Amino acid sequence: MSRPLSDHEKRKQISVRGLAGVENVTDLKKNFNRHLHFTLVKDRNVATPRDYYFALAHTVRDHLVGRWIRTQQHYYEKDPKRIYYLSLEFYMGRTLQNTMVNLGLQNACDEAIYQLGLDMEELQEIEEDAGLGNGGLGRLAACFLDSMASLGLAAYGYGIRYEFGIFNQRICGGWQLEEADDWLRYGNPWEKARPEYMIPVHFYGHVQHGPDGVKWADTQVVLALPYDTPVPGYRNNVVNTMRLWSARAPNEFNLKDFNVGGYIQAVLDRNLAENISRVLYPNDNFFEGKELRLKQEYFVVAATLQDIVRRFKSSKFGSRDPVRTSFDAFPEKVAIQLNDTHPSLAIPELMRVLVDIEKLEWDKAWDVTVRTCAYTNHTVLPEALERWPVHLFETLLPRHLEIIYEINQRFLDRVYAKFPGDLDRLRRMSMVEEGSVKRVNMAHLCIVGSHAVNGVARIHSEILKATVFKDFYEFEPHKFQNKTNGITPRRWLVLCNPGLAEIIAERIGEEYIADLDQLKKLLNYVEDEGFIRDVAKVKQGSDGPPVECVLLSCLSHPLSCCQKGGTGIKREPNKHFVPRTIMIGGKAAPGYHMAKMIIKLITSIGDIVNNDPVIGDRLKVIFLENYRVSLAEKIVPAADLSEQISTAGTEASGTGNMKFMLNGALTIGTMDGANVEMAEEAGNENFFIFGMLVEDVEELDRKGYCAKDYYDRIPELKQAVDQMSSGFFSPKQPDLFKDIVNMLMYHDRFKVFADYEAYIKCQEKVSALYKNTKEWTKKAIWNIACSGKFSSDRTISQYAREIWGVEPSRQKIPAPDEPRE
């Protein structure tokens, strides 16, 4: 059980964890017991640890409800511009501790649970991660929701309430096995179903053109049932809403031609409609043109836009009857941000609503649509770009295909007027790609239908303008912006690394939690012996005697471990080597053979290295099974070295890199994604930079990359590759890794061998510095102090001012027990 804190510790923790007043603790205990009794219908004799978790979750949720209702009332009365963040993924992780942090309840809850004879950590571990995302894109959306609430923006996250999130990964015999993530099995205490706002979504059917306009007829209807989850801001009493849609079959589903024999089958077939929200597609940065995925993309967009229009019409007028009839003010009251191309159908759907239903003229509707929508691009990898076959549109969304054709024709007319006779440019810029299969390029639709287009790191945004979207940048340069990603310091410092958050607050106060730029004040403490000692102690963990300094390298690139492979230690077993524990985590898409082989390679290397008596404890290779948000919260604070080693020009931004930096890990990395700006902020001397620049990669492309040249020239690399191909890591199946070797030698578009030598030299610098604990820690402090730019609060402030046209504010709204303004 957790040890109660001493008075001195409690005083230290007041700022970051909130005050544990006697009344607070008494109230929390009373409400905990009330929920155990009335909500869970249990007493302490029969309650399970899960019951206690639910009782605590409901107790904490009670503190959200008044603020949630009051926030929505506040928006209704003030009628600010609403921000709608549309994303197919929200990788939220766990909610309990984050809510306690943002409401300042952590100390009081800790004390109450301790007095009740329970263990807070045990209860927190019971909560399932809400794994409604694959990785970076979904986690970014979650950080953005936290920042939008903390900055007082009237923002809503809209997505899908997947019944099954990203699969649970089990490693069995070194291989990845997937298991369904039944995260809702025991219920979700944080969500509230809103059946009164259920919305019909149409599919299939055909289009009728008549004197009264266009009608989309004979459609199949699926109902969208909203579930709302509160999103609390940091101690400002703001609670925004994430609304996730769940698919339901209408009651008359398949019963039109009902006969006695068909009734049972018709009811069973309701599953077909409800499959839309059944499962998250586990493909990150890879487009798989499946009809169900297109249905998901339209489902979330159609339901959300009806909700947006309803709220726009009824806002501020004391009734839910439509009042606003003119759409002139729509772009002044509504901003829609498209998180990648997945919600790109918002553009033709908004046009359909405005033209077919609200009867606006095309040009007026188009002006409203473009001024409302903005698009964030997340990748330059060609295999990730969504290009939907036209034949899928024809059957599933026939009216939208007509609208896209019309948008495309009018756009190409404008391009032709500016570049007369340049037919090749028209072909390149068209939304409709001709070929063996005619396809709709969704990124082109997003650029044309938005008033702003942004990349997610400076280098990424420049690459978009110079290569992928060059034609569009030349045509409408004013649309293109950069918004470098960020992370929320509430989850990624205060929640996951309270020890570090505390020693920072002792030096510079706690205001940095809501204004991360204040970490710059830590530069005054880089030479401070006490602070250096405190940071080193936090990094090593302060339970019991200091552990031996083991370098934890968190790798984002699996080749590294076989490149090192322990060969140096084997060659000179008596030489002093800096001990390293290399931790690698990640999930392979179930159909991605190469990714699964790489996981098997990592686990096989671990089997050999971890059991070699000569290597001993000097090198350990650990694969982190089922890497997810709640596991990252444990790994990130512990890491000493963060490996961000993508080939320059391939990673859009990265956000794991920022989490490690904020928590005092040093970075070894290429000049790619946000690494460039991180090195700029911290100074190159506090960063381990290696490898090719984007220009070098382009030059190598022109010359032609030949992996064999490096293989022949670098003995250490040759040995690592030969060990893979000879079965050194798979003695029972010597040719097990032949596909990996073949890919590296002949089909490697990432050219990893080209960066190998520079990487090894750079790792030698890492080892040399790590031997000097004081100098290493000073650089860690420097990195922490310079990580302020990478707060998602800064990112969202820039979106707000430069794209959405709203002003962020740290002003509190009155708490539920305070009089309203």
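How many residues does the largest nonpolar core have, and which of them have the most contacts inside it? In this predicted model, that core has 223 residues, and the ones with the most contacts inside it are Met148, Phe299, Ile407, Tyr512 and Trp804. Its largest share, 11 residues, comes from helix α10 (residues 291-314). Apart from this core lies another, made of 29 residues, with Trp68, Cys109, Leu118 and Leu123 among them.

Now for a closer look at helix α15, which runs over residues 398-418 and is home to Phe411. Phe411 counts as buried because its relative accessibility is 1%, and buried means under 20%. From Phe411 to Leu426 is 15 residues in sequence and 9.6 Å in space, C-alpha to C-alpha.

Here is what Ile407 and Phe411 touch, leaving out residues up to four places away in sequence:

| Residue | Residues in contact |
|---|---|
| Ile407 | Ile347, Met351, Trp362, Trp366, Met431, Leu445 and Val448 |
| Phe411 | Met429, Met431, Val448, Phe472 and Phe475 |

Helix α25 (residues 593-609) is mostly covered, with 13 of its 17 residues buried. From first C-alpha to last, α25 reaches 24 Å, close to the 24 Å expected at 1.5 Å a residue.

What about the surface? Tyr263, Ile264, Val267 and Leu268 make a nonpolar patch of about 380 Å² there. Tyr263 sits in helix α8 (residues 263-268). With a relative accessible area of 41%, Tyr263 is partly exposed, because that value falls between the 20% limit for buried and the 50% limit for exposed.

Technical notes. Residues are numbered from 1 along each chain as its sequence is written. This is a predicted model: local features need pLDDT of at least 70, side-chain atom pairs count only at pLDDT 80 or more; totals for chains, interfaces and linings use all residues. Side-chain values use heavy atoms; hydrogens and water are left out. Patches are made of residues with over 30% relative accessible area and no salt bridge: like charges are joined within 9 Å, nonpolar side chains (Val, Leu, Ile, Met, Phe, Trp, Tyr) within 5 Å. Accessible areas come from the Shrake-Rupley method with a 1.4 Å probe; for residues, only the protein chains shown count as cover. A salt bridge is a side-chain nitrogen of Lys or Arg within 4 Å of a carboxyl oxygen of Asp or Glu. Helices (H or I, at least four residues) and strands (E, at least two) are DSSP runs, numbered from the N terminus. Buried means under 20% relative accessible area, exposed over 50%, partly exposed in between (1.4 Å probe, protein chains only). A nonpolar core is a set of buried Ala, Val, Leu, Ile, Met, Phe, Trp, Tyr and Cys residues joined through side-chain atoms within 4.5 Å. Contact means heavy atoms within 4.5 Å. The expected span of a helix is 1.5 Å times one less than its number of residues.
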